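Biologist: I would like to go through this model with you, one chain at a time and then the contact between them. Could you begin with a strand pair of your choice?

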Amino acid sequence: MTIPAAAQRKSFVILPLGGRSVSFPAESVIELVAPGKLQTFPHRTPWISGVIVRRGRTIPVCDLSRLLSETSAAVGRFYLIVEWRAGGTFDWCAIPVAGECELASAEEILPVDALTASEAPHITGFLQVAEERLEILDLAKLIDEHRPSLDASAAESAS
Amino acid sequence: MKIVCGQLQPPRRRERSEPVILFVVAEQMFAIAASAIHEIRSTDSISAAASEIVGKDMPQVRYRLRRGRTLYYVVNASKHFGLPASRPTLVLVLRNFRAAVLVDQIDRMETMSRLTALPQSFSGPERAWYRGLTLIGESVVPVLSASGFLTERQFAQLDALDDSIVDPVQSEAASAQNEAQGVALR
């Protein structure tokens, strides 16, 4: 089974992640900013390293490498602020980016195969850029994939 | 990519101002509504009313505290939040909850004019710990929920320990001895 490819031309923001690159749909990206002062307070969400304040709004800094179970990235030169849907509301995450981000558009989004769809539902498709096949990520799904295990550990710690 | 100015939506917030107490635990600042605090005492002045709890699996709660007819469970805030060990000097006795909290020091009282919801990416027990976040100057300060220190289940477990003491006379004597001698709240 395959998920049908979208026909219309879409824009994506490509960001480096370790030795590869991944992408987010451009409509989910708010802005790319210089790193502000990282502030911390106690919490137990492993992929959040702290928060930054941007125009009076407190934005969690989310380690994308950790969410993808990869080696943690180097210190970010920028924060890519990405919007994601949390239940009925929209929330933002600041993703540290170690290198340059690019804006790319593509007519064809390569579909995900059944195995990828079941094992990595946060991958909504692939983008072919030159020789490279880049994952298109859905941040909401990626965070949701990590929630059940947290809920379980929270319940354990409460018991 | 989005144009930010037109798209920027303010986070959900309450604009009503509220007096809060800012306190410090292991160099981390927290805020709690002044209305959530029944009294603030030094650990020295209150140690005579405290007794040690034995035989339970809750390292953040080592003592119970008798205030009048009410028994409070004393939560060590640095252990509760997983912060480095600190030297608490004050006890915040909560209002409406049978919990008291060991903290290092009070920083000051402040009026909080804006409370923003904890961002949804936070997915751990911090969702129960905090009512939200506030900005004090340029610092983000978590605003504590008084109900977030102990769950109903934890209260029940602690109460069961008190109930399970076999000889109430002996237990009362031991408790009285504890209270007469006082314990160092840590």
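**Strands, sheets and the interface**

Modeller: In this predicted model, strand β7 (residues 70–76) and strand β9 (residues 99–103) of chain B run parallel and are joined by four bridges.

Biologist: Which residue stands opposite B:Val75 in β9(B)?

Modeller: That residue is B:Val101.

Biologist: What is the order of the strands in the open sheet of chain B?

Modeller: The order is β4-β8-β9-β7-β6-β5 in chain B, an open sheet of six strands with mixed pairing. At the edges are β4 (37–42) and β5 (50–52) of chain B, each of which pairs on one side only. From one strand to the next, the twist averages 30°.

Biologist: Turning to chain A, how many helices and strands does it have?

Modeller: Chain A has three helices and 10 strands. Along the sequence, the pattern of chain A reads β-β-β-β-β-α-β-β-β-α-β-β-α.

Biologist: And what is the strand order in the open sheet of chain A?

Modeller: Five strands of chain A form an open sheet in the order β8-β1-β2-β10-β9, and the pairing is mixed.

Biologist: Why is one side of β8 and of β9 in chain A left without a neighbour in the sheet?

Modeller: β8 (102–106) and β9 (123–129) of chain A stand at the edges and have a single partner strand each, so one side of each has no neighbour in the sheet. Neighbouring strands of this sheet are turned against each other by 40° on average, direction ignored.

Biologist: In what sense do β9(A) and β10 of chain A pair?

Modeller: They pair in the antiparallel sense, and six bridges link β9(A) to strand β10 (residues 132–137) of chain A. Within this pairing, A:Phe126 has A:Glu135 in β10(A) as its bridge partner.

Biologist: What share of chain A is buried?

Modeller: Buried residues account for 31% of the 159 residues in chain A. As for contacts in chain A with a separation of 6 or more, 51% are between residues 24 or more positions apart.

Biologist: Now the interface. How many residues of each chain are in contact with the other?

Modeller: In chain B, 27 residues are in contact with 31 residues of chain A.

Biologist: Which elements of chain B supply at least two residues each to that side?

Modeller: These are β12 (130–136), β13 (139–144) and α5 (152–163) of chain B. The largest share, three residues, comes from β13(B).

Biologist: And how do the residues on that side of chain B divide by type?

Modeller: The side of chain B that touches chain A has 13 nonpolar, 10 polar and four charged residues.

Definitions and conventions. Residues numbered from 1 in each chain as written. Chains lettered and ligands numbered in written order. Predicted model: local features only at pLDDT ≥ 70, side-chain atom pairs only at ≥ 80, totals over all residues. Pairing = 2+ DSSP bridges. Axes fitted to C-alpha atoms, helices over the stretch in contact; angles between N-to-C directions. Buried ≥ 20, exposed ≤ 12 C-beta atoms within 10 Å, placed from the backbone. Contact = placed C-beta atoms within 7 Å. Nonpolar A, V, L, I, M, F, W, Y, C, P; charged D, E, K, R; others polar.
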